[in-house]
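I opened this notebook to record what I looked up in one model. The entries are short and follow the order of my queries.

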Amino acid sequence: MYDINENVAIKHGGSLKAEHGTGRNVAPFVEMEWGTKAYELMWEVKKLFDPAFILNPGVILNEDPDVHAKHIRMDHPSHPLVDRCISCGWCESNCPSRDLSLTPRQRIQVFKEMTRMREEFTASGERHKPARLQAFEESWQYAEATCAADGMCQEKCPVKINTGELIKTLRQEALEGHGSGESPPRGAMAAKWVADRFGPVMNLVPPMLNVVSLAHSIIGTWPMQTIANAVWGIGNNMIPLWNPYMPQGAAPLKMPAASESATATERKRVVYLPSCVTRSMGPARGDADANGEPVHAKFLSILEKADYDVIIPEGVSSSCCGMIFDSRGYRDVGKTQAEQLEASLLEASLGGKYPIVCDTSPCLHRMKEKFSDPMLKMALHEPVQFISLYLKDRLEFTPVRDTVAVH
């Protein structure tokens, strides 16, 4: 370490670190990098503001010349999905729950330490778990439950670790009973039951949302919020917490009529897949810009203006990419739904001949990730991409000065 730092700082006049802070690893070489005069000045400032040395002790300024070689952290192997993590923290800014519970880096490190303690406990033959392991396991339940499992951490990870895949795998092991040799738990059986009857189940969602919206309009926001908070508390977080912006039920999907014009054979064709989210959820109460129309009605209107023939996949009311099951740990159920959707889209698009538009980008991402047919994956588009590629020359756009939310 001394030779490396001397070569960088003294021989070449360089800096010993770039985007990372000094830390204990570089603390013994701060004087080498900055010079004795500047180093002594740093100590004087430190003593003025922190005379008891209680603020981040030993970091940046440390009197131990060998501190960089002490207390070396040993990463315990825990799972092949995350064993390559070097704890650099690049993933943290992409995590939706970073301010709620743990970041992906923290989840991985906690899981590694918990795995180490579990293996030590198993090898010890003791009857009772150590208190520290029990505390870790109790806290881990919340840390695991609050992971969105959306894989956004992978986008910034230098070695492309997807912490969400670890979480979904752990949920699968707990919920689907893999490797236990026993019959699937009730939760997995219930998930399969819902998936097998997905269309009828999803048809119940719009009326339920409309009933909630009607109650909101009758009793007002404050009483509705009070009741909703009480129900949510009783439901042990199993019932969604209502808020004033909860959507109303979506209007039924209107199947586009087949064109009978003489030029019908010349018209462009597109396969449109409204996701289960947009098929069930409409605009929120008071959303004047939506005019009460759901997303699929708006997009069908655009396609009609562009003079496109729209193909809706057969059995679309029962279609789902499987994300809602996969992300909660029911991965076998989610895989089956993705396979069924792939077969449906292959038939509707004639093997990827026609472009396919899905109006919900996370669903589209999952389809591109899970589908096996390369031609089909190339045919998949989200609305903005499709409009940019295919509709710019077929529509007239009028710029407006307005505020939009980009998700």
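The entries below concern a predicted model and cover a sheet, two residues of contrasting burial and a set of salt bridges.

**Entry 1: the sheet**

I began with the strands and their order. I found an open sheet of 4 strands, arranged β4-β2-β5-β6, with parallel pairing. I then noted the edge strands, which are β4 (308-311) and β6 (380-381); each of them pairs on one side only.

I next looked at the helix on this sheet. Helix α14, residues 295-305, packs on the sheet and touches β2, β4 and β5 (356-358). I recorded an angle of about 175° between the direction of α14 and that of β2.

I also examined how β2 is joined to β4. Strand β2 spans residues 268-273 and runs parallel to β4, with 4 bridges between the two. For V271, I found the bridge partner in β4 to be I311.

**Entry 2: S349**

Where does S349 lie? I located S349 in the loop between α16 (331-348) and β5. Is S349 buried or exposed? The relative accessible area of S349 is 0%, so I entered this residue as buried, the cut-off being under 20%.

I then listed what surrounds S349. Leaving aside residues up to four places away in sequence, S349 touches V271, Y354, I356 and L376. V271 had already come up in Entry 1 as the bridge partner of I311. I also noted a polar atom of the S349 side chain at 2.7 Å from the backbone oxygen of L345.

**Entry 3: E347**

I turned to E347, which is placed in helix α16. The relative accessible area of E347 is 59%, so I entered this residue as exposed, the cut-off being over 50%.

I also checked one separation. E347 and R127 stand 220 residues apart in sequence, and their C-alpha atoms are 58 Å apart in space.

**Entry 4: salt bridges**

Why might acidic and basic side chains be found together? Side chains of opposite charge can pair when their charged atoms come close. I searched the whole structure and obtained 17 salt bridges.

I took the pair R132 and E113 to begin with; their side chains meet in a salt bridge at 2.7 Å, N to O. This pair links distant parts of the chain, R132 being in helix α6 (residues 131-145) and E113 in helix α5 (residues 104-124), 19 residues apart. R132 is partly exposed at a relative accessible area of 44%, and E113 is partly exposed at 21%.

I then looked within helix α5. The side chains of E120 and R116 meet in a salt bridge at 2.6 Å, N to O. What separates E120 and R116 along the helix? They are 4 residues apart in α5, so about one helical turn lies between them. Both ends of this pair count as partly exposed: E120 has a relative accessibility of 48%, and R116 has 23%.

I also recorded the salt bridge between E137 and K129, whose closest N and O atoms are 2.8 Å apart. E137 is buried at a relative accessible area of 14%, whereas K129 is partly exposed at 35%.

My last query concerned linked salt bridges. I found a network of them that connects E165, K168, D326, R331 and R366.

Notes: Residues numbered from 1 in each chain as written. Predicted model: local features only at pLDDT ≥ 70, side-chain atom pairs only at ≥ 80, totals over all residues. Heavy atoms only, no water. Pairing = 2+ DSSP bridges. Contact = heavy atoms within 4.5 Å. Axes fitted to C-alpha atoms, helices over the stretch in contact; angles between N-to-C directions. Buried < 20%, exposed > 50% of the residue type's maximum accessible area, 1.4 Å probe, protein only. Polar contact = N/O pair within 3.5 Å; in protein donor to acceptor, adjacent residues only side chain to side chain. Salt bridge = Lys/Arg side-chain N within 4 Å of Asp/Glu carboxyl O.
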